[in-house]
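Good morning, colleagues. Please bring up the sequence and the structure, and I shall take a few elements in turn.

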Amino acid sequence: MSQKNQKNYGRTPKAVHHQCMWIVRDIDRLYRLDAIHRHGKRDDELVFYEDESCRLISPEVTEEAARKILCIKRALLVIPEEYRMEVLDSIVEGIKPSPIAHENTWKRWRRIFISELASNLNLI
């Protein structure tokens, strides 16, 4: 990032940080809801869901899931490509990132990702 285009990624408020972390950890369910949103349901169509509770979900919920996924994808674009998946996996799966970079580097990119996500979600 150039000095001129670099955002000020400070600390996010604790409550916002936790909200973003749980949104990212919920990414598998969000993808399922997004698939329902994209596919839609016609009146003459019989749809079977793997998760029976999914069929009772309102369109507003699936639209919100699609919006959250878009926000996550946009926040990931701020992180260099070589770090993206490991930052995401470290949040979702709770696994320790590989030693290709120092621990402080991983913390920095996670902080930037969470700050950008909070901004995309209009939480800060």
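The buried residues of α2 are covered by surroundings that include α1 (14-25), α3 (59-76) and α4 (81-92). I should say at once that this is a predicted model. Which residues of α2 are buried? They are I27, L30, L33, D34 and I36; please note the aspartate, D34, in that list.

The length of helix α2 can be checked as well. Helix α2 runs over residues 27-39, which is 13 residues, and at 1.5 Å a residue it should span 18 Å. The C-alpha atoms at its ends are 18 Å apart, so the expectation and the model agree.

I turn now to α4, which was named among the elements covering α2, and to its packing with α5. The axes of these two helices lie 10 Å apart, at an angle of about 80°. Since angles of 65 to 115 degrees count as roughly perpendicular, α4 is therefore roughly perpendicular to α5.

Which residues meet there? On the α4 side they are Y83, E86, V87, L88, S90 and I91. On the α5 side, T105, W106, W109, R110, F113 and I114 meet them. By class, the residues of the contact of α4 with α5 comprise eight nonpolar, two polar and two charged.

Finally, a point on the backbone. In the segment after α5 (103-120) we find N122. The phi of N122 is near 60°, a positive value in a residue that is not glycine. Is N122 buried or exposed? Its relative accessible area is 64%, and because exposed means over 50%, N122 is exposed.

Thank you; I welcome your comments.

Technical notes. Residues numbered from 1 in each chain as written. Predicted model: local features only at pLDDT ≥ 70, side-chain atom pairs only at ≥ 80, totals over all residues. Heavy atoms only, no water. Helix = DSSP H or I, 4+ residues; strand = E, 2+ residues; numbered from the N terminus. Expected span 1.5 Å × (residues − 1). Buried < 20%, exposed > 50% of the residue type's maximum accessible area, 1.4 Å probe, protein only. Contact = heavy atoms within 4.5 Å. Axes fitted to C-alpha atoms, helices over the stretch in contact; angles between N-to-C directions. Parallel < 35°, antiparallel > 145°, perpendicular 65-115°, else oblique. Nonpolar A, V, L, I, M, F, W, Y, C, P; charged D, E, K, R; others polar.
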